[in-house]
Amino acid sequence: IAPAPVISPRLVPSDISCLVLYEPLRPNYTKQPIRVGTDGGNRFWAPPNRKDAYLRDKAGARLYRWIGGRMTDITAEDLNKKHSPYGVATVFTQWRDTNHLLAVTFDAEKKDVAEENGGWKVLSFEHISQYGTQGTYSSVGVAGDQQQLAAPGSPAWMPQLLPTIYDYDPNPNLAQPISAGLIGELPLLFALPAFSAQPYQLSYVLTNFMQPNRWHKHQLPHGQDEAERGMVVTVFLDPFNEKNSTKPILDALQNGHWGPFYGP
């Protein structure tokens with residue numbers, strides 16, 4: 001069966017914006033010993049489930065303005081100001097054990113993970129048909145009913161943004177689905193590039209390779225293979241763009257109203 005064609009993404013409006021804060025997080029094993037879980041008899045590392053068992057790298061925090069699909073570093077001018085939060089996620093790599101990314105949709109240093117949503121979750125997906133096309137979105141979250149993408153991941157962002165364990169598993173008896181790209185919870189979508197390279201390359205990666213409705217693949221050493229690496233990503237409404245940075249607008253953005261966040 002010949003591969004199905006991908007569909008062309010629509011462009012997000014150039015005046016939609018938000019602020020995105022990246023804060024590195026690492027376990028504090030003096031507060032809680034290393035946790036090891038099991039899955040099908042396999043043992044794997046799990047991040048702490050207590051909010052006091054983390055060390056936050058405040059010096060490594062960076063704030064960006066995302067507008068129309070492009071990032072600008074505004075750390076120097078805006079890091080200490082108060083903004084209205086839209087959403088937050090904490091994400092950890094788990095490369096040496098299962099190749100998954102583990103996440104919760106809150107700040108793990110402010111809430112005990114053990115008391116919220118049953119603990120750490122692997123990233124998962126909902127498969128959502130794109131209106132008016134034959135394409136299917138893969139919507140990234142932590143409560144999806146699918147463990148893999150709805151269609152083959154784009155070579156532009158697979159495996160740079162998502163580990164290969166999440167890629168589409170082809171069925172030789174079925175026609176290959178058409179990819180509409182990635183949508184989903186904005187803090188998770190913004191978190192994925194943070195692990196695509198080494199920590200010191202974060203600003204370079206975000207400001208050069210995130211583009212409207214797509215990810216431009218880079219050639220830097222991968223960052224997902226650093227075990228126990230964590231990040232809190234908080235999305236805020238943009239106070240300098242109140243008309244085009246509202247909760248309904250950002251809801252529409254993450255739900256694919258203007259096409260994929262990362263196109264096929």
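This text walks through the nonpolar interior of a predicted model, beginning with one helix and moving on to aromatic rings and cores.

Helix H3 spans residues 202-209, and within this helix Leu202, Val205, Leu206 and Phe209 are buried. Viewed down the axis of H3, these buried residues fall within an arc of 110°, so they line one face of the helix. An α-helix has 3.6 residues a turn, so residues three or four places apart point the same way. The partners against which the buried residues of H3 pack are strands S1 (17-27), S5 (62-67), S6 (70-73), S13 (210-211) and S14 (214-215).

Aromatic rings are the next topic, and the structure holds twelve aromatic pairs. In one of them, the rings of Trp66 and Phe261 have their centres 5.8 Å apart and their planes at 20°, so the pair is stacked, the cut-off for stacking being under 30 degrees. This pair links distant parts of the chain, with Trp66 in strand S5 and Phe261 in the segment after helix H4 (247-254), 195 residues apart. Both Trp66 and Phe261 are buried, and they belong to one aromatic cluster that also includes Phe190, Tyr204, Phe209, Trp215 and Tyr262.

Trp66 and Phe190 reappear in the largest nonpolar core, which has 47 residues; together with Tyr22, Leu123 and Leu162, they touch the most other members. Among the elements that each supply at least two residues of this core are S1, S5, H3 and H4, while H2 gives the most, with five residues. Leaving aside residues up to four places away in sequence, Phe190 touches residues including Cys18, Tyr22, Trp66, Met210, Val233 and Phe261. A second, separate core of eleven residues includes Leu25, Phe92, Phe106 and Trp120.

Conventions: Residues numbered from 1 in each chain as written. Predicted model: local features only at pLDDT ≥ 70, side-chain atom pairs only at ≥ 80, totals over all residues. Heavy atoms only, no water. Buried < 20%, exposed > 50% of the residue type's maximum accessible area, 1.4 Å probe, protein only. Helix = DSSP H or I, 4+ residues; strand = E, 2+ residues; numbered from the N terminus. Arc of directions from axis to C-beta. Contact = heavy atoms within 4.5 Å. Phe/Tyr/Trp six-rings, centres within 6.5 Å; stacked < 30°, edge-to-face > 60°. Core = buried A, V, L, I, M, F, W, Y, C linked by side-chain atoms within 4.5 Å.
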